[in-house]
Amino acid sequence: MIFQHVPRTFVPLILRNTPFRMSTTTTTAATDATAKLYKWAGADGEFKRQVSSFRETIAPGTRFAPESGRYHLYVSLACPWAHRTLIVRALKGLESHIGVSVVDYLMTKDGWHFSSAEQTPGCIPDNLNNAKYIKEIYFKANPEYSGRFTVPVLWDTKEQTIVNNESSEIIRILNKEFNQFSSNPELDLYPTATAANIDATNEWIYDQINNGVYKSGFATTQETYARNVAILFEGLDRVEAILAKNTYLVDNKFTEADVRLFTTIVRFDPVYHGHFKCNLRTISHDYPAILRWARRIYQMRGIKESVDMVHIKRHYYMSHIQINPTQVVPLWNGPDLEVSPDA
(Lines give C-alpha, C1' and ligand atoms only; values in the text may rest on other atoms or scores of the structure.)
Protein backbone atom coordinates (compact mmCIF):
# COMPACT_ATOMS: atom_id res chain seq x y z
CA MET A 1 0.00 0.00 0.00
CA ILE A 2 1.13 3.54 -0.72
CA PHE A 3 1.51 4.73 2.85
CA GLN A 4 3.74 1.85 3.84
CA HIS A 5 6.70 3.77 2.44
CA VAL A 6 6.26 6.39 5.19
CA PRO A 7 7.75 5.61 8.63
CA ARG A 8 5.61 6.38 11.65
CA THR A 9 8.23 8.56 13.29
CA PHE A 10 9.45 10.62 10.41
CA VAL A 11 10.48 13.90 12.04
CA PRO A 12 13.60 14.36 14.18
CA LEU A 13 13.45 16.12 17.53
CA ILE A 14 14.72 19.64 18.01
CA LEU A 15 18.49 19.41 17.75
CA ARG A 16 19.82 21.98 20.17
CA ASN A 17 23.48 20.94 19.98
CA THR A 18 23.61 19.51 16.47
CA PRO A 19 26.54 20.72 14.36
CA PHE A 20 25.52 22.70 11.29
CA ARG A 21 25.15 20.15 8.50
CA MET A 22 24.28 21.59 5.14
CA SER A 23 21.81 19.97 2.83
CA THR A 24 23.58 18.46 -0.15
CA THR A 25 21.23 20.60 -2.22
CA THR A 26 23.28 23.53 -3.38
CA THR A 27 22.40 26.90 -1.90
CA THR A 28 23.44 28.65 -5.08
CA ALA A 29 20.20 27.56 -6.70
CA ALA A 30 18.49 30.38 -4.85
CA THR A 31 20.72 33.23 -5.91
CA ASP A 32 18.49 35.51 -7.95
CA ALA A 33 16.71 37.68 -5.41
CA THR A 34 14.90 39.47 -8.22
CA ALA A 35 13.05 36.31 -9.28
CA LYS A 36 9.26 36.45 -9.15
CA LEU A 37 9.24 33.91 -6.30
CA TYR A 38 10.74 36.49 -3.94
CA LYS A 39 8.39 39.36 -4.80
CA TRP A 40 5.66 38.97 -2.18
CA ALA A 41 4.88 42.63 -1.52
CA GLY A 42 2.83 44.90 -3.74
CA ALA A 43 3.72 48.37 -4.97
CA ASP A 44 2.49 49.76 -1.65
CA GLY A 45 4.99 47.62 0.27
CA GLU A 46 2.24 45.41 1.72
CA PHE A 47 2.49 41.61 1.71
CA LYS A 48 -0.37 39.97 -0.19
CA ARG A 49 -1.09 36.30 0.58
CA GLN A 50 -2.49 34.21 -2.24
CA VAL A 51 -5.87 32.56 -1.73
CA SER A 52 -5.69 28.76 -1.88
CA SER A 53 -7.04 27.27 -5.11
CA PHE A 54 -8.05 23.70 -4.27
CA ARG A 55 -10.95 23.70 -1.80
CA GLU A 56 -12.66 20.31 -1.95
CA THR A 57 -13.43 18.34 1.20
CA ILE A 58 -13.57 14.68 2.21
CA ALA A 59 -16.87 13.19 3.33
CA PRO A 60 -18.76 9.87 3.07
CA GLY A 61 -20.77 9.44 -0.11
CA THR A 62 -18.85 12.05 -2.07
CA ARG A 63 -16.17 11.92 -4.75
CA PHE A 64 -13.61 12.13 -1.97
CA ALA A 65 -14.71 9.53 0.58
CA PRO A 66 -12.65 8.80 3.70
CA GLU A 67 -10.52 5.69 3.19
CA SER A 68 -7.40 4.41 4.91
CA GLY A 69 -4.30 4.79 2.75
CA ARG A 70 -6.03 6.75 0.02
CA TYR A 71 -4.83 10.25 0.92
CA HIS A 72 -1.37 11.71 1.20
CA LEU A 73 0.04 14.94 2.62
CA TYR A 74 2.79 16.93 1.00
CA VAL A 75 4.37 19.16 3.64
CA SER A 76 7.37 21.18 4.69
CA LEU A 77 8.68 20.84 8.24
CA ALA A 78 9.61 24.51 8.04
CA CYS A 79 6.20 25.87 7.03
CA PRO A 80 3.83 26.85 9.87
CA TRP A 81 0.76 26.21 7.70
CA ALA A 82 1.90 22.68 6.81
CA HIS A 83 2.96 22.14 10.42
CA ARG A 84 -0.67 22.48 11.48
CA THR A 85 -1.62 19.43 9.42
CA LEU A 86 1.20 17.32 10.84
CA ILE A 87 0.11 18.18 14.37
CA VAL A 88 -3.54 17.26 13.81
CA ARG A 89 -2.54 14.08 11.98
CA ALA A 90 -0.47 13.10 15.03
CA LEU A 91 -3.03 14.14 17.63
CA LYS A 92 -5.73 12.13 15.88
CA GLY A 93 -3.45 9.11 15.49
CA LEU A 94 -3.73 8.96 11.71
CA GLU A 95 -0.08 8.30 10.89
CA SER A 96 -0.81 4.78 9.59
CA HIS A 97 -3.70 5.95 7.41
CA ILE A 98 -2.49 9.17 5.79
CA GLY A 99 0.98 9.14 4.26
CA VAL A 100 3.44 12.04 4.14
CA SER A 101 6.12 13.38 1.85
CA VAL A 102 8.42 16.11 3.20
CA VAL A 103 10.11 18.65 0.93
CA ASP A 104 13.59 20.04 1.45
CA TYR A 105 13.85 23.11 3.67
CA LEU A 106 15.57 25.14 0.95
CA MET A 107 13.14 26.87 -1.37
CA THR A 108 14.84 27.74 -4.64
CA LYS A 109 13.61 29.92 -7.49
CA ASP A 110 11.77 26.81 -8.72
CA GLY A 111 9.92 26.47 -5.40
CA TRP A 112 9.79 23.54 -2.98
CA HIS A 113 11.76 20.49 -4.07
CA PHE A 114 12.20 16.94 -2.78
CA SER A 115 15.38 15.44 -1.37
CA SER A 116 16.19 12.08 0.14
CA ALA A 117 16.72 11.64 3.88
CA GLU A 118 20.39 11.00 3.11
CA GLN A 119 20.69 14.30 1.27
CA THR A 120 18.72 16.28 3.85
CA PRO A 121 17.78 14.58 7.13
CA GLY A 122 14.06 14.81 7.82
CA CYS A 123 13.03 14.79 4.16
CA ILE A 124 10.81 12.11 2.65
CA PRO A 125 10.80 11.96 -1.16
CA ASP A 126 7.69 11.71 -3.28
CA ASN A 127 7.29 7.95 -3.64
CA LEU A 128 3.79 8.37 -5.07
CA ASN A 129 4.29 10.55 -8.13
CA ASN A 130 8.09 10.65 -8.18
CA ALA A 131 7.99 14.42 -8.43
CA LYS A 132 11.17 16.44 -8.06
CA TYR A 133 9.33 19.68 -7.29
CA ILE A 134 6.02 20.35 -5.57
CA LYS A 135 4.93 22.31 -8.66
CA GLU A 136 4.76 19.00 -10.54
CA ILE A 137 1.99 17.88 -8.18
CA TYR A 138 0.02 21.03 -8.98
CA PHE A 139 0.43 20.58 -12.72
CA LYS A 140 -0.59 16.94 -12.47
CA ALA A 141 -3.82 18.04 -10.79
CA ASN A 142 -4.32 20.96 -13.19
CA PRO A 143 -2.02 21.46 -16.19
CA GLU A 144 -3.30 25.05 -16.48
CA TYR A 145 -2.54 25.99 -12.88
CA SER A 146 -1.00 29.46 -12.59
CA GLY A 147 -0.84 30.19 -8.84
CA ARG A 148 1.88 29.69 -6.24
CA PHE A 149 3.05 26.17 -5.44
CA THR A 150 2.38 26.02 -1.71
CA VAL A 151 2.27 23.40 1.02
CA PRO A 152 0.43 21.68 2.57
CA VAL A 153 -1.20 19.67 -0.21
CA LEU A 154 -3.75 16.93 0.47
CA TRP A 155 -3.49 14.49 -2.45
CA ASP A 156 -5.96 11.77 -3.47
CA THR A 157 -4.13 8.70 -4.77
CA LYS A 158 -7.36 7.29 -6.26
CA GLU A 159 -8.49 10.33 -8.24
CA GLN A 160 -4.89 11.45 -8.82
CA THR A 161 -5.60 15.03 -7.91
CA ILE A 162 -5.32 17.61 -5.17
CA VAL A 163 -8.25 17.63 -2.77
CA ASN A 164 -7.25 20.72 -0.82
CA ASN A 165 -4.28 23.01 -0.30
CA GLU A 166 -5.75 25.25 2.42
CA SER A 167 -4.31 24.30 5.81
CA SER A 168 -7.25 25.61 7.83
CA GLU A 169 -9.59 23.31 5.91
CA ILE A 170 -7.25 20.31 5.87
CA ILE A 171 -7.00 20.28 9.67
CA ARG A 172 -10.79 20.21 9.93
CA ILE A 173 -10.94 17.33 7.47
CA LEU A 174 -8.39 15.41 9.55
CA ASN A 175 -10.21 16.29 12.77
CA LYS A 176 -13.61 15.01 11.67
CA GLU A 177 -13.65 12.80 8.60
CA PHE A 178 -11.26 10.00 9.59
CA ASN A 179 -12.55 9.14 13.05
CA GLN A 180 -13.31 5.56 12.00
CA PHE A 181 -9.56 5.08 11.51
CA SER A 182 -8.32 7.37 14.27
CA SER A 183 -6.66 6.03 17.41
CA ASN A 184 -7.94 9.14 19.20
CA PRO A 185 -11.46 9.68 17.78
CA GLU A 186 -12.76 11.29 20.96
CA LEU A 187 -10.51 14.31 20.42
CA ASP A 188 -12.53 17.06 18.74
CA LEU A 189 -10.57 20.20 17.93
CA TYR A 190 -13.59 21.98 16.48
CA PRO A 191 -16.61 21.13 18.66
CA THR A 192 -19.95 22.49 17.50
CA ALA A 193 -20.67 24.11 20.84
CA THR A 194 -17.64 26.38 20.63
CA ALA A 195 -17.28 26.67 16.84
CA ALA A 196 -18.39 30.30 16.71
CA ASN A 197 -15.89 31.31 19.40
CA ILE A 198 -13.12 29.36 17.68
CA ASP A 199 -13.89 31.06 14.35
CA ALA A 200 -13.86 34.49 15.95
CA THR A 201 -10.55 33.80 17.70
CA ASN A 202 -8.97 32.37 14.56
CA GLU A 203 -9.94 35.45 12.59
CA TRP A 204 -8.07 38.03 14.64
CA ILE A 205 -5.13 35.75 15.47
CA TYR A 206 -4.64 34.98 11.79
CA ASP A 207 -4.75 38.62 10.78
CA GLN A 208 -2.64 40.02 13.59
CA ILE A 209 -0.23 37.16 14.38
CA ASN A 210 -0.16 34.18 11.96
CA ASN A 211 -0.11 36.44 8.92
CA GLY A 212 1.07 39.43 10.91
CA VAL A 213 4.64 38.15 11.13
CA TYR A 214 4.71 37.85 7.35
CA LYS A 215 3.17 41.26 6.82
CA SER A 216 5.92 42.66 9.04
CA GLY A 217 8.78 40.62 7.60
CA PHE A 218 7.90 41.01 3.93
CA ALA A 219 7.04 44.72 4.12
CA THR A 220 9.15 46.79 1.75
CA THR A 221 8.46 50.25 3.18
CA GLN A 222 9.18 51.56 6.67
CA GLU A 223 5.63 52.77 7.16
CA THR A 224 4.11 49.42 6.21
CA TYR A 225 6.51 47.53 8.45
CA ALA A 226 5.97 49.81 11.45
CA ARG A 227 2.18 49.61 11.16
CA ASN A 228 2.10 45.83 10.88
CA VAL A 229 4.61 45.11 13.62
CA ALA A 230 2.60 47.28 16.02
CA ILE A 231 -0.57 45.34 15.16
CA LEU A 232 1.32 42.07 15.63
CA PHE A 233 2.35 42.90 19.18
CA GLU A 234 -1.10 44.18 20.02
CA GLY A 235 -2.28 40.68 19.08
CA LEU A 236 0.38 38.98 21.19
CA ASP A 237 -0.53 41.20 24.15
CA ARG A 238 -4.15 40.17 23.73
CA VAL A 239 -3.20 36.47 23.67
CA GLU A 240 -1.06 36.93 26.76
CA ALA A 241 -4.00 38.46 28.62
CA ILE A 242 -6.22 35.52 27.68
CA LEU A 243 -3.68 32.88 28.65
CA ALA A 244 -2.83 34.60 31.91
CA LYS A 245 -6.33 33.59 33.06
CA ASN A 246 -6.96 30.47 30.98
CA THR A 247 -5.13 27.27 30.05
CA TYR A 248 -6.19 27.48 26.40
CA LEU A 249 -7.47 30.14 24.02
CA VAL A 250 -11.16 29.30 23.61
CA ASP A 251 -13.46 28.37 26.50
CA ASN A 252 -10.41 26.99 28.34
CA LYS A 253 -10.38 23.90 26.10
CA PHE A 254 -7.70 22.71 23.70
CA THR A 255 -8.96 23.39 20.15
CA GLU A 256 -7.75 24.07 16.64
CA ALA A 257 -7.25 27.69 17.68
CA ASP A 258 -4.37 26.56 19.88
CA VAL A 259 -2.87 24.43 17.10
CA ARG A 260 -3.04 27.29 14.62
CA LEU A 261 -1.30 29.72 16.96
CA PHE A 262 1.28 27.25 18.26
CA THR A 263 3.01 26.84 14.91
CA THR A 264 3.62 30.59 14.79
CA ILE A 265 4.75 30.88 18.40
CA VAL A 266 7.27 28.04 18.17
CA ARG A 267 8.94 29.94 15.29
CA PHE A 268 8.68 33.38 16.84
CA ASP A 269 11.87 33.82 18.84
CA PRO A 270 14.29 31.82 16.63
CA VAL A 271 12.98 33.20 13.32
CA TYR A 272 10.39 35.97 13.30
CA HIS A 273 12.03 38.08 16.02
CA GLY A 274 15.21 38.52 14.00
CA HIS A 275 14.58 37.50 10.40
CA PHE A 276 11.22 39.30 10.14
CA LYS A 277 12.26 42.15 12.46
CA CYS A 278 9.45 41.38 14.93
CA ASN A 279 11.74 42.46 17.72
CA LEU A 280 9.78 44.65 20.11
CA ARG A 281 9.53 41.74 22.56
CA THR A 282 10.29 38.00 22.77
CA ILE A 283 8.17 35.07 23.89
CA SER A 284 11.04 33.93 26.12
CA HIS A 285 11.29 37.06 28.21
CA ASP A 286 8.11 39.08 27.79
CA TYR A 287 5.19 36.65 27.48
CA PRO A 288 5.24 34.19 30.40
CA ALA A 289 1.67 32.96 29.89
CA ILE A 290 2.24 32.28 26.18
CA LEU A 291 5.49 30.49 27.00
CA ARG A 292 3.76 28.28 29.59
CA TRP A 293 0.98 27.50 27.08
CA ALA A 294 3.51 26.69 24.34
CA ARG A 295 5.37 24.28 26.63
CA ARG A 296 2.13 22.53 27.53
CA ILE A 297 1.26 21.97 23.87
CA TYR A 298 4.80 21.03 22.85
CA GLN A 299 4.77 18.24 25.43
CA MET A 300 1.55 16.67 24.11
CA ARG A 301 1.74 13.35 22.26
CA GLY A 302 3.30 13.74 18.84
CA ILE A 303 3.87 17.51 18.97
CA LYS A 304 7.55 17.58 19.89
CA GLU A 305 8.31 15.16 17.08
CA SER A 306 6.71 17.53 14.58
CA VAL A 307 9.04 20.42 15.43
CA ASP A 308 12.26 20.42 13.42
CA MET A 309 14.18 23.56 14.21
CA VAL A 310 16.90 22.72 11.69
CA HIS A 311 14.39 22.78 8.82
CA ILE A 312 12.60 25.80 10.29
CA LYS A 313 15.61 28.05 10.70
CA ARG A 314 17.44 27.04 7.55
CA HIS A 315 14.35 27.51 5.42
CA TYR A 316 13.71 31.08 6.46
CA TYR A 317 17.31 32.28 6.70
CA MET A 318 18.55 30.47 3.60
CA SER A 319 15.52 30.68 1.29
CA HIS A 320 14.52 34.32 1.76
CA ILE A 321 17.59 35.72 0.07
CA GLN A 322 15.89 39.04 -0.56
CA ILE A 323 15.96 39.45 3.24
CA ASN A 324 19.11 37.51 4.16
CA PRO A 325 21.41 37.36 1.12
CA THR A 326 24.32 35.84 3.10
CA GLN A 327 22.15 32.84 4.10
CA VAL A 328 23.84 32.84 7.53
CA VAL A 329 21.65 31.00 10.08
CA PRO A 330 21.57 32.15 13.75
CA LEU A 331 22.35 29.58 16.43
CA TRP A 332 19.56 30.17 18.98
CA ASN A 333 16.57 27.83 18.84
CA GLY A 334 14.34 29.89 21.10
CA PRO A 335 13.05 29.01 24.57
CA ASP A 336 13.46 25.54 26.05
CA LEU A 337 10.04 23.94 25.57
CA GLU A 338 11.04 20.81 27.45
CA VAL A 339 10.66 22.67 30.75
CA SER A 340 7.50 21.72 32.63
CA PRO A 341 4.72 24.29 32.10
CA ASP A 342 4.03 24.07 35.82
CA ALA A 343 7.61 24.86 36.83
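A residue counts as buried when its relative accessible area is under 20%. By that yardstick, 57% of the 343 residues in this chain are buried. The model is a predicted one, and what follows walks through its overall layout, two helix pairs, one well-covered helix and a handful of individual residues.

Start with the layout. The chain holds 10 helices and four strands. Going along the sequence, these come in the order β-α-β-α-β-β-α-α-α-α-α-α-α-α. What share of the contacts between residues at least 6 apart in sequence join residues at least 24 apart? The figure is 74%.

Now for how helices sit against each other. In general, a packed pair is described by the angle between the two axes and the distance between them. For helix 1 (residues 80-91) and helix 7 (residues 256-272), the angle is about 130° and the axes are 9 Å apart. The two helices are therefore oblique to each other, and helix 1 goes past helix 7 in a right-handed crossing. On the helix 1 side, the contact is built from Pro 80, His 83, Arg 84, Ile 87, Val 88 and Leu 91. Helix 7 answers with Val 259, Arg 260, Phe 262, Thr 263, Val 266, Arg 267 and Tyr 272. Sorted by class, this contact has eight nonpolar, two polar and three charged residues.

Helix 6 (residues 222-243) and helix 9 (residues 288-298) make another pair, packed at an angle of about 70° with axes 8 Å apart. Angles of 65 to 115 degrees count as roughly perpendicular, so that is the label for helix 6 and helix 9. Here Leu 236, Val 239, Glu 240 and Leu 243 of helix 6 meet Pro 288, Ala 289, Ile 290, Arg 292 and Trp 293 of helix 9. The contact of helix 6 with helix 9 has seven nonpolar residues and two charged ones, with no polar residues.

Helix 10 (residues 309-319) is a good place to look for burial: 11 of its 11 residues are buried. The buried set includes Lys 313 and Arg 314 as well as Val 310 and Ile 312. What do the buried residues of helix 10 pack against? Their partners are helix 1, helix 5 (212-217) and helix 7. The N-terminal end of helix 10 is capped by Asp 308, which has a side-chain oxygen 3.1 Å from the backbone nitrogen of Val 310.

A few single residues fill in the picture. Asn 202 sits in helix 4 and is buried, at a relative accessible area of 6%. Its side chain is joined to that of Arg 260 by a polar contact of 3.3 Å. Arg 260 also belongs to the helix 7 side of the contact with helix 1. Beyond residues up to four places away in sequence, Asn 202 touches Arg 172, Glu 256, Ala 257 and Arg 260.

Ser 182 lies in the loop between helix 3 (167-176) and helix 4 (195-210). With a relative accessible area of 11%, Ser 182 is buried too. Its side chain reaches the backbone oxygen of Lys 92 at 2.3 Å. Leaving out residues up to four places away in sequence, Ser 182 touches Lys 92, Gly 93 and Leu 94.

The loop between helix 2 (134-141) and strand 3 (153-156) is home to Phe 149. Is Phe 149 buried or partly exposed? Its relative accessibility is 23%, so Phe 149 counts as partly exposed. Setting aside neighbours within four places in sequence, Phe 149 is in contact with Trp 112, Ile 134, Lys 135, Tyr 138 and Phe 139. From Phe 149 to Ile 137, the C-alpha atoms are 8.8 Å apart, across 12 residues of sequence.

Last come some backbone details. Most peptide bonds are trans, and most residues other than glycine have a negative phi. The bond from Val 151 to Pro 152 is cis, with omega near 5°; Pro 152 lies in the loop between helix 2 and strand 3. Lys 277 is not a glycine, yet has a positive phi of about 60°. Lys 277 is in the loop between helix 7 and helix 8 (283-286) and is partly exposed, at 35% relative accessible area. Gln 327 likewise has a positive phi of about 60° without being a glycine. Gln 327 is found in the segment after helix 10, and at 16% relative accessibility Gln 327 counts as buried.

Notes
Residues are numbered from 1 along each chain as its sequence is written. This is a predicted model: local features need pLDDT of at least 70, side-chain atom pairs count only at pLDDT 80 or more; totals for chains, interfaces and linings use all residues. Side-chain values use heavy atoms; hydrogens and water are left out. Axes are lines fitted to C-alpha atoms, for helices over the stretch in contact, and angles run from 0 to 180 degrees between N-to-C directions. Angles under 35 degrees count as roughly parallel, over 145 as roughly antiparallel, 65 to 115 as roughly perpendicular and the rest as oblique. A crossing is left-handed if the near helix is turned anticlockwise from the far one by less than a right angle, and right-handed if clockwise. Contact means heavy atoms within 4.5 Å. Ala, Val, Leu, Ile, Met, Phe, Trp, Tyr, Cys and Pro count as nonpolar, Asp, Glu, Lys and Arg as charged, and the others, Gly among them, as polar. Buried means under 20% relative accessible area, exposed over 50%, partly exposed in between (1.4 Å probe, protein chains only). A polar contact is a pair of N or O atoms within 3.5 Å; within protein, one must be able to donate a hydrogen and the other to accept it, and residues adjacent in sequence count only if both atoms are side-chain atoms.
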